[in-house]
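Let's take a friendly walk through this protein, beginning with the whole fold and then stopping at a few residues. Keep the viewer open as you read.

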Amino acid sequence: MKTLKTIALCAAITGALSITSAYADTPSPFEGKNMKIAHVRYLSQGDFPELYLKGVRRQAEALGLKLDVYDARQDAALQRNQLEQAIMKGYDGIVLQHGFTDSIKDLADLAVKNGIKVVAFDVNAGNPQIPQINQDDHLIARLSLEQAVKENGEEWKAAYVYTPGIPPLDRRDEVFTEFKNKYPNIVEVARFGTMNNPIPNQVANQAAAVFRANPDISVAFSPYDEFAKGIKIAVDEAGLSKKIRIYSADISNSDIQAMREPNSAWVSTVATNPSIMGEVSVRALAMLIKGEPVDKQITVPPVLITQDMLNEQDIKNMDDLVNKIPSFSKSTVLVADWIPMPKVH
């Protein structure tokens with residue numbers, strides 16, 4: 001089975017490379033038409049949303065679409081206000097990134113009724129006409145937790161960082177619940193987390209108190225890299241880097257540096273390329289604008305990235321990760337012969 005998966009992955013990588021080469025110079029059907037799209041994002045804290053935005057910009061530029069960015073900075077009320085502004089300005093399309101269904105659903109419905117095409121990344125807009133672009137969050141959590149079992153056995157005490165209401169975190173939480181049922185000797189002894197800025201510092205303060213109260217914790221599961229940064233701050237300050245191991249999701253330049261620090265407790269993460277997620281989101285929007293069908297659920301598979309992998313291949317940043325881990329660098333998701341692909345990753 002592993003061999004078949006490897007063959008399939010190699011084929012996908014080869015296909016992605018050839019497709020990117022073939023379509024890089026494809027003329028866009030939107031060139032010269034003064035078409036505008038808006039990117040309305042709830043989450044901007046951390047490298048992941050910045051790299052996602054980079055992908056949105058690249059693909060929009062390749063397609064000749066004018067892009068405006070609205071940044072709510074983890075403020076649901078502000079994101080709602082910005083979405084309302086985007087509808088009033090009459091954009092041809094809107095990319096929604098993160099947020100809460102209750103905050104945006106009625107306005108997302110209004111946008112669709114007004115003929116504006118909408119796609120949503122890691123937020124459920126609650127409208128069947130709005131495609132949902134997701135990382136495979138269930139697989140992300142599963143790969144991360146399986147690595148924790150591989151390295152720590154089937155019996156340990158865990159700290160778990162989680163805040164409900166964010167769809168990708170909720171999906172990862174579903175897997176953690178299944179995981180604890182599968183391994184009854186793995187015990188969650190503390191659950192905490194916050195989305196208040198700055199997230200790592202706020203989580204570090206919570207984690208410090210948790211570690212003092214629960215000295216038997218040996219594993220921290222932080223299914224968002226900003227959470228993991230906070231855990232690492234607390235672990236380092238308490239001198240626990242040889243006692244606690246951190247398993248996370250998502251990846252960035254600062255994450256790579258933190259994982260490669262001497263005696264770092266952050267031993268693995270599971271991630272998709274954030275820039276590719278941004279590119280896929282814009283390609284989905286372009287297809288809707290052109291009148292082509294788009295699946296309601298669009299999922300991009302993740303990659304396990306370990307501390308050992310980073311050290312052995314001397315991966316210092318995201319560029320190195322893209323260049324040295326082919327499965328992280330390309331995607332054939334929503335590629336069409338009329339879509340010009342970004343020339344630089």
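## Overall fold

The protein has 345 residues, a number for which a compact globule would have a radius of gyration near 20 Å; the value here is 20 Å, so the two agree. Bear in mind that this is a predicted model. Along its principal axes, the C-alpha trace spans about 60 × 45 × 30 Å. If you colour by secondary structure, you will find 13 helices and 12 strands.

How much of the chain is buried? Buried residues account for 55% of the 345. Sequence-distant contacts are well represented too: among contacts between residues at least 6 apart in sequence, 74% join residues at least 24 apart.

## Surface and charge

The accessible surface of the protein comes to about 14600 Å², and carbon and sulfur atoms contribute 50% of that. On the charge side, there are 37 positive and 42 negative side chains. The centres of these two sets lie 2 Å apart.

## R41, a buried arginine

Start the residue tour in strand 1, which covers residues 36-41 and contains R41. Is R41 buried or exposed? Its relative accessibility is 3%, and because buried means under 20%, R41 counts as buried.

Which acidic side chains does R41 meet? Its side chain makes a polar contact of 2.7 Å with the side chain of E50, and another of 3.2 Å with that of D71. Beyond four places away in sequence, R41 touches ten residues' worth of surroundings that include P49, L53, V69, Y70 and Q97.## Y42, next along the chain

Y42 sits in the loop between strand 1 and helix 2. At 4% relative accessibility, Y42 counts as buried.

Which residue lies 55 places from Y42 along the chain, with C-alpha atoms 6.1 Å apart? That residue is Q97. Q97 is also among the residues that Y42 touches, not counting those up to four places away in sequence. The list for Y42 further includes A72, R73, Q79, H98, G99, F100 and I166. R41 touches A72, R73, Q79 and Q97 as well, which makes this a good region to display with both residues shown as sticks.

## K232, a buried lysine

Now move to helix 8, residues 225-238, where K232 is found. K232 has a relative accessible area of 6% and is therefore buried.

What does the side chain of K232 pair with? It makes a polar contact of 2.5 Å with the side chain of E261. Leaving aside neighbours within four places in sequence, K232 is also in contact with I246, A258, S264 and W266.

## K290, a partly exposed lysine

The last stop is K290, in helix 10 (residues 274-290). With 39% relative accessibility, K290 counts as partly exposed, whereas K232 is buried.

The side chain of K290 makes a polar contact with the side chain of E292, at 3.4 Å. Away from its neighbours within four places in sequence, K290 is in contact with P29, F30 and W338. K117 is 173 residues from K290 in sequence, and their C-alpha atoms are 9.9 Å apart in space.

Technical notes:
Residues are numbered from 1 along each chain as its sequence is written. This is a predicted model: local features need pLDDT of at least 70, side-chain atom pairs count only at pLDDT 80 or more; totals for chains, interfaces and linings use all residues. Side-chain values use heavy atoms; hydrogens and water are left out. Helices (H or I, at least four residues) and strands (E, at least two) are DSSP runs, numbered from the N terminus. The radius of gyration is taken over C-alpha atoms; the globule rule is 2.2 Å times the number of residues to the power 0.38. Buried means under 20% relative accessible area, exposed over 50%, partly exposed in between (1.4 Å probe, protein chains only). Contact means heavy atoms within 4.5 Å. Accessible areas come from the Shrake-Rupley method with a 1.4 Å probe; for residues, only the protein chains shown count as cover. Lys and Arg count as positive and Asp and Glu as negative; His and the chain ends are not counted. The place of a charge is taken as NZ of Lys, CZ of Arg, CG of Asp or CD of Glu. A polar contact is a pair of N or O atoms within 3.5 Å; within protein, one must be able to donate a hydrogen and the other to accept it, and residues adjacent in sequence count only if both atoms are side-chain atoms.
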